[in-house]
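Me: I'm new to this protein and would like to understand the labels people put on its parts. Could you go through them with me, one at a time?

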Amino acid sequence: MSADYGDRYVFEAEWYDTVACMLKKFYLYYYPSDNTVELFDLKTRKTFLRRTTCEGIKAKDFYVGTVITIFSRCIKITGYADACTKTKLETQLQKLFVLLKPDVTDKMGEILKAIINYDFHITNIKMIRLTPNDITECCLVKDVIDKTSVINYLTSGPVVALELLGQNGIMRWQELAGPEDSEHARSTAASSLRACYGKDEIHNAVYGSKDTETAMQELQYFFPDSKSKNKGPKNTATLEKCTCCIIKPHAIQERLLGAIIDDIQKAGYTITAAQQFYVNPINSEEFLEIYKGVLPEYTAMATELQSGPCIVMEVSHKDKSLNIVADFRNLCGPMDSDIARQIRPNTLRAKYGKTKVQNAVHCSDLPEDGMLEVEYFFKLLDGF
């Protein structure tokens, strides 16, 4: 997205005003030439924010489905407000479906880091188990002599389904993934994902949409919109000997998803379920109710949790005798990121958090909360 595409882009956007307890709808104007924004309130038909520069926002941050922070207000972009913006952006930004195959889910963090570093936005994520029906329905197996081997491989364990968005996304994905045959990839594209993580032509680490038409069909199947009768594949929550970890919206927006998951996996933990959620104000307050009247930051914490997409994970450990909740809390570190940096500099909150509220991750506090918090998201909110 660059200045020569025209002088402005117009999006439909919304912001939940917690003071007025009201959802406000806007036209959000973005001017690439000088990196300025303007907000027009659709109800009052008046300018809400005059055209101004907003720190920390770049052209590539503007796409449908994202949440951007404009002067501490979390504004969600819900659609294009004119055909010109839609045409210009959709020809440049392409969505695609990507699958991390069963034998690389333990390297999920590393691979997500590589995807983010290649300038893709991860706009949705869900750990699932594929069924033979999913595979044939979506034609994930084509032109392969031994289809049975491929189906057995893809159904052998959890996989990670991703929705990616990027400039010339399909072509760029093919560059990042490398040739289908991992052996061939190692000799011709040594830094590609298949060269680094694949074994051969079947066990080749990742799958990605071949073209935009296939991408739309795959995304609709695996990440159906709320109007669809199809609810998509189930999550993989085990609800056994687990704790809950939530990567907060500010950390997702700062593109820290891969780094945080990589640290969790390298510390010896297993992620047994992962999914993106948009938490509404009611659920946000309900989930954090335990802190109401206990922490002065409760309201700010609830506001942060509902400010954009968050990634919720069920975390477990192969050592079943471990007190998983207490042990994982040690990896996260003190709630206040400034204190964490002073006394526990290698913890997640020290490395990736900013304040006591924007402290990168939420983790379960009490032994009995681990299972309850995982259930809250994966059973109650996801309609298990």
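Me: Leaving aside its neighbours within four places in sequence, which residues is arginine 349 in contact with?
Reply: Happy to help, and please keep in mind that this is a predicted model. Arginine 349 is in contact with Cys332, Gly333, Pro334, Met335, Ser337, Ala340, Arg341, Asn359, Val361, His362 and Cys363, once neighbours within four places in sequence are set aside. Arginine 349 itself is found in helix H15, which covers residues 348-352.

Me: Why is arginine 349 said to have no salt bridge?
Reply: A salt bridge needs a side-chain nitrogen of Lys or Arg within 4 Å of a carboxyl oxygen of Asp or Glu. For arginine 349, the nearest side chain of opposite charge is aspartate 365, and that is 5.9 Å away. Arginine 349 is therefore buried yet without a salt bridge.

Me: What does the side chain of arginine 349 reach?
Reply: It reaches the backbone oxygen of valine 361, at 3.1 Å. Valine 361 is also one of the contacts listed above for arginine 349.

Me: Where is glutamate 314, and what makes it a residue with no salt bridge?
Reply: Glutamate 314 sits in strand S13, residues 310-317. The nearest side chain of opposite charge belongs to lysine 320, 8.7 Å away, and the cut-off is 4 Å, so buried glutamate 314 has no salt bridge. Its side chain does reach the backbone nitrogen of leucine 239, at 2.7 Å.

Me: How many disulfides does a search of the whole structure find?
Reply: The search finds zero. Take cysteine 242: the nearest cysteine sulfur, that of cysteine 244, is 8.4 Å away. A disulfide needs two cysteine sulfur atoms within 2.5 Å, so cysteine 242 is in no disulfide. Cysteine 363 has the sulfur of cysteine 332 as its nearest, at 3.7 Å. That does not meet the 2.5 Å cut-off either, so cysteine 363 is in no disulfide.

Me: Why are cysteine 242 and cysteine 363 called buried?
Reply: Buried means under 20% relative accessible area. Cysteine 242 has 5%, so it is buried. Cysteine 363 has 2%, so the label fits there too.

Me: How many aromatic pairs are there, and what makes phenylalanine 277 and phenylalanine 378 edge-to-face?
Reply: The count comes to 14 aromatic pairs. The rings of phenylalanine 277 and phenylalanine 378 have centres 6.0 Å apart, and pairing asks for centres within 6.5 Å, so they pair. Their planes are at 80°, and over 60 degrees counts as edge-to-face, so that is the name for this pair. The pair links distant parts of the chain: phenylalanine 277 is in strand S12 (residues 269-277) and phenylalanine 378 in helix H16 (residues 369-381), 101 residues apart. Both phenylalanine 277 and phenylalanine 378 are buried.

Me: How do you know that phenylalanine 287 and phenylalanine 377 are edge-to-face?
Reply: Their ring centres lie 5.0 Å apart and their planes are at 65°, which is over 60 degrees, so the pair is edge-to-face. Phenylalanine 287 is in helix H11 (residues 281-287) and phenylalanine 377 in helix H16, 90 residues apart. With 9% relative accessibility, phenylalanine 287 is buried, and phenylalanine 377 is buried at 0%. Phe277, Phe287, Tyr376, Phe377 and Phe378 form one aromatic cluster.

Me: Why do aspartate 262 and lysine 266 count as a salt bridge?
Reply: Their side chains meet at 2.7 Å, N to O, and that is within 4 Å, so they form a salt bridge. Both lie in helix H10 (residues 257-266), four residues apart, about one turn of the helix. The two are also linked with Glu110 and Lys113 in a network of salt bridges. In the whole structure, the count comes to 17 salt bridges.

Me: Are aspartate 262 and lysine 266 buried or exposed?
Reply: Aspartate 262 has a relative accessible area of 5%, under the 20% limit, so it is buried. Lysine 266 has 56%, over the 50% limit, so it counts as exposed.

Me: What makes lysine 107 and aspartate 106 a salt bridge?
Reply: Their closest N and O atoms are 3.9 Å apart, which is within 4 Å, so the pair qualifies. Lysine 107 is partly exposed at 33%, and aspartate 106 is partly exposed at 47%.

Methods:
Residues numbered from 1 in each chain as written. Predicted model: local features only at pLDDT ≥ 70, side-chain atom pairs only at ≥ 80, totals over all residues. Heavy atoms only, no water. Helix = DSSP H or I, 4+ residues; strand = E, 2+ residues; numbered from the N terminus. Buried < 20%, exposed > 50% of the residue type's maximum accessible area, 1.4 Å probe, protein only. Lys, Arg positive; Asp, Glu negative; His and termini not counted. Polar contact = N/O pair within 3.5 Å; in protein donor to acceptor, adjacent residues only side chain to side chain. Contact = heavy atoms within 4.5 Å. Phe/Tyr/Trp six-rings, centres within 6.5 Å; stacked < 30°, edge-to-face > 60°.
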